[in-house]
Amino acid sequence: MAVSYKELGLVNTKEMFAKAVKGGYAIPAFNFNTMEQMQAIVQAAVETKSPVIMQVSKGARNYANGTILRYMAQGAVEYAKELGCANPQIVLHLDHGDSFELCKDCIDNGFSSVMIDGSALPYEENIALSKKVVEYAHAHDVTVEAELGVLAGVEDEVASEVSHYTKPEEVIDFSTRTGCDSLAISIGTSHGAYKFKPEQCTRNAQGKLVPPPLAFDVLHEIEKKLPGFPIVLHGSSSVPQDEVDTINAHGGRLPDAVGIPEEQLREASRSAVCKINIDSDSRLAMTAAIRKYFDEHPEHFDPRQYLKPARENMKKMYIHKIVNVLGSDNKL
């Protein structure tokens with residue numbers, strides 16, 4: 001029995017992207033797998049009066065169960081109302097869907113937005129697959145993100161050794177023929193907490209790695225070719241060094257984890273980029289708080305004791321991203 005996202009109180013991305021492109025800010029797209037992540041995302045969005053995209057990868061869906069996730073998304077909407085937001089703007093989005101069948105299953109189970117990632121396929125096959133998903137999704141008023149160009153790095157089932165920047169000369173043809181609502185591009189972002197190898201970076205005076213800059217020239221070319229079209233950046237966690245340091249100080253081992261500098265994400269969100277994906281930062285914030293708690297309270301064993309500070313730390317990080325990086329606060 002198919003369920004429409006509208007029954008769950010969710011919205012698709014159409015209106016929020018149009019406003020974001022016009023307003024020069026980006027919508028946060030936070031990945032979630034657990035109740036604590038969901039609570040922290042909703043609390044942060046309500047407190048900052050921000051629209052939000054709660055996204056689920058194929059791996060997260062397998063981990064948490066599709067039915068449970070659907071009710072969690074419905075719960076997120078009701079929770080936002082309970083916290084004082086009369087009209088929550090929450091999207092449930094499939095991140096990196098890799099087949100028509102997966103996208104269809106998500107659409108039939110209450111997702112309001114899906115991503116079809118055919119970026120590893122030959123160009124014409126990517127178009128054919130994306131178009132097929134768009135046709136089914138649009139029949140259900142669901143929005144579709146497609147991808148052109150390949151991101152490096154590893155995250156859930158998404159893995160690639162090399163990065164291929166999106167070719168600006170292909171974007172008009174691709175977006176026109178697929179009918180997609182937004183386009184994920186590759187300009188040097190990367191999946192995971194180890195986005196760059198040390199040899200790709202330079203070191204600053206403190207010995208910390210500084211990653212290579214994003215290819216803003218490619219972004220601006222794409223913007224010129226597709227004026228006003230919603231652009232998406234994947235792999236855009238900043239890998240906050242204070243969280244990495246906390247993890248390492250309390251028994252972790254994350255040498256040389258490095259992410260995308262926040263000032264570059266700020267710059268991107270002021271242009272055509274209207275959705276920025278953040279996953280690793282949430283994982284780092286959660287793990288840092290838990291490791292610290294275990295070190296300081298070795299006698300405790302109730303999960304609520306250590307998940308509470310973990311939830312607080314994630315919420316703090318989400319609020320920081322919304323207000324200081326993406327500029328989506330007070331946009332409801």
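This section describes annotated sites, a helix pair and selected loop residues in a predicted model.

The UniProt record, an unreviewed entry, carries the annotation "binding site" for His-96, His-191 and His-234. These positions span 139 residues in sequence, yet no two of their C-alpha atoms are more than 11.7 Å apart, so the three gather at one spot. His-96 is part of strand 3, which runs over residues 90–97. With a relative accessibility of 8%, His-96 counts as buried. His-191 belongs to strand 9, residues 190–191, and is likewise buried, its relative accessible area being 2%. The side chains of His-191 and His-96 make a polar contact at 3.4 Å.

The annotation "binding site" in the unreviewed UniProt entry also lists Asp-117 and Glu-147. This pair spans 31 residues in sequence, but their C-alpha atoms are no more than 5.4 Å apart, so these residues too gather at one spot. Asp-117 is located in the loop that joins strand 4 (113–116) to helix 6. Its relative accessibility of 17% places Asp-117 among buried residues, because the cut-off for that class is under 20%. When residues up to four places away in sequence are not counted, Asp-117 touches His-96, Gly-97, Asp-98 and Glu-147. The contacts of Asp-117 thus include a residue of the histidine group, His-96, and its annotated partner, Glu-147.

Glu-147 lies in strand 5, residues 143–148. At 2% relative accessibility, Glu-147 is buried. With neighbours within four places in sequence left aside, the residues in contact with Glu-147 are His-96, Met-115, Ile-116, Asp-117, Ser-119, Asn-126, Phe-174, Leu-183, Ala-184 and His-234. Among them, His-96 and His-234 belong to the histidine annotation. Both Asp-117 and Glu-147 therefore touch His-96, where touching means heavy atoms within 4.5 Å.

The next element considered is helix 5 and its packing. Helix 5 covers residues 100–108 and packs with helix 6, residues 123–138, at an angle of about 15 degrees, the two axes being 10 Å apart. Angles under 35 degrees count as roughly parallel, and helix 5 and helix 6 are therefore roughly parallel to each other. The crossing of the two helices is right-handed. On the helix 5 side, the residues that meet helix 6 are Phe-100, Cys-103, Lys-104, Ile-107 and Asp-108. Their counterparts in helix 6 are Leu-129, Lys-132, Val-133, Tyr-136 and Ala-137.

Within helix 5, the buried residues include Phe-100, Leu-102 and Cys-103, together with Cys-106, Ile-107 and Asp-108. Phe-100, Cys-103, Ile-107 and Asp-108 appear both in this buried group and in the contact with helix 6. The buried residues of helix 5 pack not just against helix 6, but also against helix 3 (58–64), strand 3 and strand 4. Strand 3 is the strand that holds His-96, while strand 4 precedes the loop that holds Asp-117. Just after helix 5, Gly-110 adopts a positive phi of about 95 degrees.

Most residues other than glycine have a negative phi. Positive values in residues other than glycine are found at Asp-141, with phi near 60 degrees, and at Val-239, with phi near 50 degrees. Asp-141 is in the loop between helix 6 and strand 5, and its relative accessible area of 37% makes Asp-141 partly exposed. Val-239 sits in the loop between strand 12 (231–233) and helix 9 (241–249). Unlike Asp-141, which is partly exposed, Val-239 is buried, with a relative accessible area of 1%.

Two further loop residues were examined. Ala-86, in the loop between helix 4 (66–82) and strand 3, is exposed, with a relative accessible area of 74%. The C-alpha atom of Ala-86 is separated by 32 Å from that of Glu-135, a residue 49 places away along the chain. Thr-34 occupies the loop between strand 1 (27–31) and helix 2 (35–48). Thr-34 counts as buried at 18% relative accessibility. Apart from residues up to four places away in sequence, Thr-34 touches Met-72 and Met-286.

How values were computed. Residues numbered from 1 in each chain as written. Predicted model: local features only at pLDDT ≥ 70, side-chain atom pairs only at ≥ 80, totals over all residues. Heavy atoms only, no water. UniProt positions renumbered as here; feature names shortened; annotations may be inferred. Helix = DSSP H or I, 4+ residues; strand = E, 2+ residues; numbered from the N terminus. Buried < 20%, exposed > 50% of the residue type's maximum accessible area, 1.4 Å probe, protein only. Polar contact = N/O pair within 3.5 Å; in protein donor to acceptor, adjacent residues only side chain to side chain. Axes fitted to C-alpha atoms, helices over the stretch in contact; angles between N-to-C directions. Parallel < 35°, antiparallel > 145°, perpendicular 65-115°, else oblique. Left-handed = near helix turned anticlockwise from the far one by under 90°.
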